Amino acid sequence: MPAPSGDILNRKIADGGEVDKECGAVEEAIAALRMSYEQYFLGIERKPPTIEHNELKRRMNRLKGGFVRQTALKFRIQSVQAKFLTYERLWLRTLQEMENGTYRRDLFKAKLHAQERATKTTGQAGEKVEKAEIGQPPSRPEAPAAAAAASNAKTAPAPRPAPMAAAAGGNGALADALSDQKLKAVFNAYLTAKKRCQEDVSKLSYEQVAANLRKQVPDLVKKAGAKDVEFKVVIKDGKAILRAVPK
């Protein structure tokens, strides 16, 4: 997470251009922190980004504590603060649900969409709110032919999946990492990152990604002499990359 530029936020009267630049940097930090929390809540990361959260909170306090003359810049600071508080309430509430044992991932996704709509309403007077849907895009009305095809597909028997323990060479931990539940969470985070980077996802499908991972990961883990694997979605050169890290 980039640090605040200079000591502009410690001055009583801050330079408008520098504060505007810092607002942009804080918005980028909010988006990065949001992705980190989403990956944790979806089970991809094992620890919450507490350190990054506390650092961003300190930056936010310094930003709103400076004296700014321009009205438009004051409004932008307020909008950035409102966006951060909206997401922070969602993160803290979800962490509390996880501690209480009442957390459900599908409910988290629904809350996330609701918070996105609330954030968009808060900043509609001039702030552009970033959208990053978790999961599949909203369904569209099907054409009659497509609806008939979907109906026929539902009546056809589903193919039986190959036993995960056999595919993973009997490794229970690896079989769990390559289960449908884990791979769907990985795919959703990967899809979200690609959309955020404005990449074309029209040809990206869960079936294709899952098949490639189940084919390549066991050999990767075997060569590394590991027993498990952890998936990470990273941004490199403006593109989302899915990495498998043997453990």
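Student: Which residues of H2 are buried, and what does buried mean here?

Tutor: The buried residues of H2 are His53, Leu56, Arg59, Met60 and Leu63. Buried means a relative accessible area under 20%, exposed means over 50%, and partly exposed lies in between, with a 1.4 Å probe and protein chains only. The model is predicted, so local features need pLDDT of at least 70 and side-chain atom pairs pLDDT 80 or more, whereas totals for chains, interfaces and linings use all residues. Residues are numbered from 1 along each chain as its sequence is written, and side-chain values use heavy atoms, without hydrogens and water.

Student: How do you know on which side of H2 these residues lie?

Tutor: They cover an arc of only 125° around the axis, so they lie on the same side of H2. The arc is taken from the directions that lead from the helix axis to the C-beta atoms. Ile51 and Gly65 are exposed on the other side of H2. The cover over the buried residues of H2 includes H1 and helix H3 (71-100).

Student: What makes H2 a helix, and how does its reach stand against the expected value?

Tutor: Helices are DSSP runs of H or I with at least four residues, strands are runs of E with at least two, and both are numbered from the N terminus. H2 covers residues 50-65 and has 16 residues. The expected span is 1.5 Å times one less than the number of residues. From first C-alpha to last, H2 reaches 23 Å, close to the 22 Å expected.

Student: Why is glutamine 39 called buried, and what does it touch?

Tutor: Glutamine 39 has a relative accessible area of 5%, and the limit for buried is under 20%; glutamine 39 is therefore buried. This residue is found in helix H1 (residues 16-41). Contact means heavy atoms within 4.5 Å. Leaving out residues up to four places away in sequence, glutamine 39 touches Ile44, Glu45, Ala189 and Val233.

Student: Is isoleucine 77 buried or exposed, and which residues does it touch?

Tutor: Isoleucine 77 is found in helix H3 and has a relative accessible area of 7%, so it counts as buried. Residues up to four places away aside, it touches Val19, Cys23, Met60, Leu63, Lys64 and Val68. The C-alpha atoms of isoleucine 77 and aspartate 20 are separated by 8.5 Å, although the two residues are 57 apart along the chain.

Student: What makes two rings an aromatic pair, and how many such pairs are there?

Tutor: Rings of Phe, Tyr and Trp (its six-membered ring) pair if their centres lie within 6.5 Å; planes under 30 degrees apart count as stacked, over 60 as edge-to-face and the rest as tilted. By this rule there are five aromatic pairs. Tyrosine 37 and tryptophan 91 form a stacked pair, with 4.5 Å centre to centre and 20° between the planes. Tyrosine 37 lies in helix H1 and tryptophan 91 in helix H3, so the pair ties together parts that are 54 residues apart in sequence.

Student: Why is the pair of tyrosine 87 and tryptophan 91 called stacked or tilted?

Tutor: The ring centres of tyrosine 87 and tryptophan 91 are 6.1 Å apart and the planes stand at 15°, so the pair is stacked. The two residues are four apart in helix H3, which means a separation of about one helical turn. Tyrosine 87 is buried at 2% relative accessibility, and tryptophan 91 is buried with a relative accessible area of 2%. Ring pairs link Tyr37, Tyr40, Phe41, Tyr87 and Trp91 into a cluster.

Student: How do you know that strands S1 and S2 pair, and how do they run?

Tutor: Two strands pair if DSSP finds at least two bridges between them. Eight bridges join S1 (residues 229-236) to S2 (residues 239-246), and the strands run antiparallel. Lysine 236 has lysine 239 as its bridge partner in S2, and valine 229 stands opposite proline 246 in S2. The strands form a hairpin with two residues between them, and aspartate 237 in the turn has a positive phi of about 55°.

Student: How many disulfides does the structure hold, and what makes a disulfide?

Tutor: A disulfide is a pair of cysteine sulfur atoms within 2.5 Å, and the structure holds zero. Cysteine 23 is buried at 0% relative accessibility, whereas cysteine 197 is partly exposed at 21%.
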